[in-house]
Amino acid sequence: QVQLVESGGGSVQAGGSLRLSCAASGIRFSIFVMGWYRRAPGKERELVATISSGGSTIYADSVKGRFTISRDNAKNTVYLQMNSLKPEDTAVYYCAVIGTNNWGQGTQVTVSS
């Protein structure tokens with residue numbers, strides 16, 4: 001059974017930083033593309049960033065230059081470092097195994113102005 005457990009969400013003021021973590025189990029983590037999605041209230045789900053097994057990354061235009069996705073295959077963990085946070089980054093952030101139906105439970109990020 002695949003499990004993805006996110007942590008690191010919280011409340012922060014605009015301009016602040018947060019680091020999300022997602023610990024995976026039940027999969028051969030190192031071979032999968034991993035990603036972070038988010039869903040803001042009243043909005044569609046948005047793909048924030050992905051990272052391939054080899055470390056190649058893709059970012060949504062809205063977070064380029066501010067967010068960094070990384071992975072530690074030895075720890076079966078993917079991270080999302082979020083800097084220069086804006087109120088519009090407020091959302092529930094979900095970790096996912098890209099190309100599968102495996103998702104975490106989500107972690108709330110709230111950015112106040």
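**Exercise 1. A salt bridge at the surface**

Which residue's side chain meets that of aspartate 61 in a salt bridge? Work this out in the predicted model, and then state whether the two partners are buried or exposed.

*Solution.* Begin with the partner: the side chain of aspartate 61 meets that of lysine 64, with an N to O separation of 3.1 Å. Then turn to accessibility, where aspartate 61 and lysine 64 both prove to be exposed. A search of the whole structure finds 4 salt bridges, and others of these are taken up in Exercise 4.

**Exercise 2. Strand 8 in its sheet**

Describe the sheet that contains strand 8 (residues 77–82), and identify residues that stand opposite one another across its pairings.

*Solution.* Step one is the order of the strands: 4 strands form an open sheet, arranged 1-3-8-7, with antiparallel pairing. Strand 1 (3–7) and strand 7 stand at the edges with a single partner strand each, so that one side of each is left without a neighbour in the sheet. From one strand to the next, the twist averages 15°.

Step two concerns the pairings of strand 8. Strand 3 (residues 18–25) runs antiparallel to strand 8 and is joined to it by 6 bridges, and strand 7 (residues 67–72), also antiparallel to strand 8, is joined to it by 6 bridges.

Step three picks out individual positions. On the strand 3 side, leucine 18 has methionine 82 as its bridge partner in strand 8, while arginine 19 stands opposite glutamine 81. From strand 7, threonine 68 has glutamine 81 as its bridge partner in strand 8.

Step four examines the connection between strand 7 and strand 8, a hairpin with 4 residues between the strands, in which asparagine 76 takes a positive phi near 50°.

**Exercise 3. The core and the disulfide**

Determine how strand 8 takes part in the largest nonpolar core, and characterise the disulfide formed by cysteine 22 and cysteine 95.

*Solution.* First, consider how far strand 8 is covered: 5 of its 6 residues are buried, that is, under 20% relative accessible area. In soluble globular proteins, nonpolar side chains tend to be buried together. The largest nonpolar core here has 29 residues, of which Trp36, Val78, Leu80, Met82 and Tyr93 touch the most other members. Strand 8 is one of the elements that give two or more residues to this core, and the others include strand 3, strand 4 (34–39), strand 5 (46–51) and strand 9 (91–97).

Next, follow valine 78 outward. Leaving aside residues up to four places away in sequence, its contacts include Leu20, Phe29, Met34, Trp36, Ile51 and Ile69, and among them are also Cys22 and Cys95.

Finally, take those two cysteines together. Cysteine 22 and cysteine 95 form a disulfide in which the sulfur atoms are 2.1 Å apart. Cysteine 22 lies in strand 3 and cysteine 95 in strand 9, so the pair ties together parts that are 73 residues apart in sequence. The torsion about the S-S bond is about -75°, and the disulfide is therefore left-handed. Cysteine 22, at 0% relative accessibility, counts as buried, and cysteine 95 is likewise buried, with a relative accessible area of 0%.

**Exercise 4. A salt-bridge network**

Trace the salt bridges that aspartate 89 forms with arginine 38 and with arginine 66, and locate each partner in the structure.

*Solution.* Start with arginine 38, whose salt bridge with aspartate 89 has its closest N and O atoms 2.9 Å apart. Because aspartate 89 lies in the loop between strand 8 and strand 9 and arginine 38 in strand 4, this pair ties together parts that are 51 residues apart in sequence.

Continue with arginine 66, whose side chain meets that of aspartate 89 at 2.7 Å, N to O. Arginine 66 belongs to the loop between strand 6 (57–59) and strand 7, and aspartate 89 to the loop between strand 8 and strand 9, so the pair ties together parts that are 23 residues apart in sequence.

Then check accessibility: aspartate 89 counts as buried at 1% relative accessibility, arginine 38 counts as buried at 6%, and arginine 66 counts as buried at 11%.

The last step assembles the pairs, since Arg38, Glu46, Arg66 and Asp89 are linked in a network of salt bridges.

Technical notes
Residues are numbered from 1 along each chain as its sequence is written. This is a predicted model: local features need pLDDT of at least 70, side-chain atom pairs count only at pLDDT 80 or more; totals for chains, interfaces and linings use all residues. Side-chain values use heavy atoms; hydrogens and water are left out. Buried means under 20% relative accessible area, exposed over 50%, partly exposed in between (1.4 Å probe, protein chains only). Two strands pair if DSSP finds at least two bridges between them. A nonpolar core is a set of buried Ala, Val, Leu, Ile, Met, Phe, Trp, Tyr and Cys residues joined through side-chain atoms within 4.5 Å. Contact means heavy atoms within 4.5 Å. A disulfide is a pair of cysteine sulfur atoms within 2.5 Å. Axes are lines fitted to C-alpha atoms, for helices over the stretch in contact, and angles run from 0 to 180 degrees between N-to-C directions.
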